[in-house]
Structures are given as structure tokens and as C-alpha cells.
Amino acid sequence: MKKLVLALIAGIALWGTAQAQTEFRFGPRVGLNVTNLTHSDGDNKVSINVGAFAEMRINDLLGIQGELLYSRQGWRDKVDIDGDNVNVKYRVNYLNIPVMARLYVMEHLSVDLGPQLGIALNAKARYKESGTTVKSKMRNLNTIECSFLFGISYDLFDRFLLSARYNLGLSNVFDKDKFGSSNKNHVFQLSVGYRL
């Protein structure tokens, strides 16, 4: 956790010192998530992420990008409920704050990497029983989640930002003792942003 905080502080300090000589861009972004948990026998869950980004281009080779994203994550599984094999969708909603270095390997193509702080908003399980949708709140949710992002982005027509990235969870989503094993987020994201 200390390393993540230091990385965020260093990113903000770098942002502040370079601001006078750089190009600043920002805008909305939206995308798809394909998510699951480590040590889960369940299937991937497809959901959304939506939010905003701000990029400071320092020079031809380096940019710093921060984001504020609402992200739906989770997994799907079949569970025995009262003798019936029921499809259950587990969803954890996050407010994610990634801070990434964009290393430009070509004029419009960058390799992106950096830490992400996730704030868990809530967690729910949903399934159908006898034709009725049942929702239940999930307990033992860890409020703070840390992960590391890496991926690529492409600047299209100087307005659009296309990104593909993988979020590797570093901390457990739920209390490990209650969940029964380590349970870290694994999230693949495809998204598009628009520079205002």
C-alpha cells in the first residue's frame, strides 16, 4: 500500500512540475470489461466501465494519464440452491483511479502501465428462483483494492483514444478467511475515449 501511495505522489509531483511545458488533454471514456476472480471456478462476466480521463503529454516519448472510472466487475457461477443448480451473477461495483505512464513507441501508439486504486462501492449476487429475481448483498468486501495495469493505446484522428488493457489484482476483493482462498480481480478492458 505504501508503494502505491508513493507512486501516486510521484505521479502528481511529475504532473505539477511539467505542466507549464506540456500538452493537456481530457475527455470521457467508455468500454467493456471481461472480469473474473483468481481461484474461482466461475465463468468470466462481461460488463462496463465508464468515466473520464486526463492526459498530460510531457514530450514525444512520454505522457501521464489519470482516470476516474466506474467499473462493474465480478464473475458468474452455478450454485446449488435448495437442490437446484442455479446460475448466479456476482457483481462488485468499483470507483477506480488509475495513474499510468504512456510510453510512446510510435507517434500514435503507446504502451501504458501503472498502479490503480479501487474503491469498492458494493457487491451483490443475483439469480432467479421460481421465476423471481433474487438479489442479495455480499459481505466481507474489502473496501480498497489495488491493482497494476498494463496495455496499449492508439490515438485515432487526434480525437479518439482506443485502449486495450489488463488489470492484474494485487489485493483480495473479499476477506480471504471468509472466501476460503485468495480472490484477486483479473480484468481485461477494451475502451474508447474522446478528447474534448
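## Overall fold

The protein chain holds two helices and nine strands. This is a predicted model. From start to end of the sequence, the elements follow the order α-β-β-β-β-β-β-β-β-α-β. A helix thus opens the pattern, and a helix and then a strand close it.

The chain has 196 residues, and 42% of them are buried. Its exposed surface comes to about 10800 Å². Carbon and sulfur atoms supply 60% of that surface. Contacts reach across the sequence too. Of those with a separation of 6 or more, 61% join residues 24 or more positions apart.

## Strand S9 and its two partners

Strand S9 covers residues 184-194. Which strands pair with S9? One is strand S1, residues 23-37, which pairs with S9 in the antiparallel sense. Nine bridges link S1 and S9. Thr35 shows one such contact point: its bridge partner in S9 is Val187.

Strand S8, residues 160-172, is another partner. S8 and S9 also run antiparallel, joined by 10 bridges. Two residue pairs help to place this junction. Leu162 has Val192 as its bridge partner in S9. Ser163 has Ser191.

## Two faces of S9

In a regular strand, side chains alternate between the two faces of the sheet. What lies on each face of S9? The covered face carries Asn185, Val187, Gln189, Ser191 and Gly193. The uncovered face carries Lys184, His186, Phe188, Leu190, Val192 and Tyr194.

The bridges can be read against these faces. Val187, the partner of Thr35, belongs to the covered face. Ser191, the partner of Ser163, is on the covered face as well. Val192, the partner of Leu162, sits on the uncovered face.

## The cavity

How many cavities of 30 Å³ or more does a search of the whole structure find? The search finds one. The largest cavity holds about 30 Å³ of space.

Its lining is made of Arg29, Asn49, Leu69, Arg165, Gln189 and Ser191. By class, that is one nonpolar, three polar and two charged residues. Gln189 and Ser191 in this lining come from the covered face of S9. Arg29 also lines the cavity, and its number falls within S1, residues 23-37. Arg165 is another lining residue, with a number inside S8, residues 160-172.

## The S7–S8 hairpin

S7 and S8 form a hairpin with three residues between them. These strands run antiparallel and share 10 bridges. Among the paired residues is Asp155, whose bridge partner in S8 is Leu161.

The turn has unusual backbone angles. Most residues other than glycine have a negative phi. Phe157, in the turn, has a positive phi of about 55°. Asp158 has a positive phi of about 65°, although it is not a glycine. Asp158 is found in the loop between S7 and S8. Is Asp158 buried or partly exposed? Asp158 is partly exposed, because its relative accessible area is 47%.

## Another positive phi

Asn140 is a further residue other than glycine with a positive phi, near 60°. Where does Asn140 sit? Its place is the loop between strand S6, residues 132-137, and strand S7, residues 144-156. Asn140 counts as partly exposed, because its relative accessibility is 38%.

Terms used. Residues are numbered from 1 along each chain as its sequence is written. This is a predicted model: local features need pLDDT of at least 70, side-chain atom pairs count only at pLDDT 80 or more; totals for chains, interfaces and linings use all residues. Side-chain values use heavy atoms; hydrogens and water are left out. On a 1 Å grid over the protein atoms alone, a cavity is a set of points where a 1.4 Å probe fits but cannot get out, and a pocket is an open set with protein on both sides within 12 Å along at least five of seven lines; lining residues have an atom within 4 Å of a point. Grid points are joined across faces, edges and corners, and a volume is the space filled by probe spheres set on the points. Ala, Val, Leu, Ile, Met, Phe, Trp, Tyr, Cys and Pro count as nonpolar, Asp, Glu, Lys and Arg as charged, and the others, Gly among them, as polar. Helices (H or I, at least four residues) and strands (E, at least two) are DSSP runs, numbered from the N terminus. Buried means under 20% relative accessible area, exposed over 50%, partly exposed in between (1.4 Å probe, protein chains only). Contact means heavy atoms within 4.5 Å. Accessible areas come from the Shrake-Rupley method with a 1.4 Å probe; for residues, only the protein chains shown count as cover. Two strands pair if DSSP finds at least two bridges between them.
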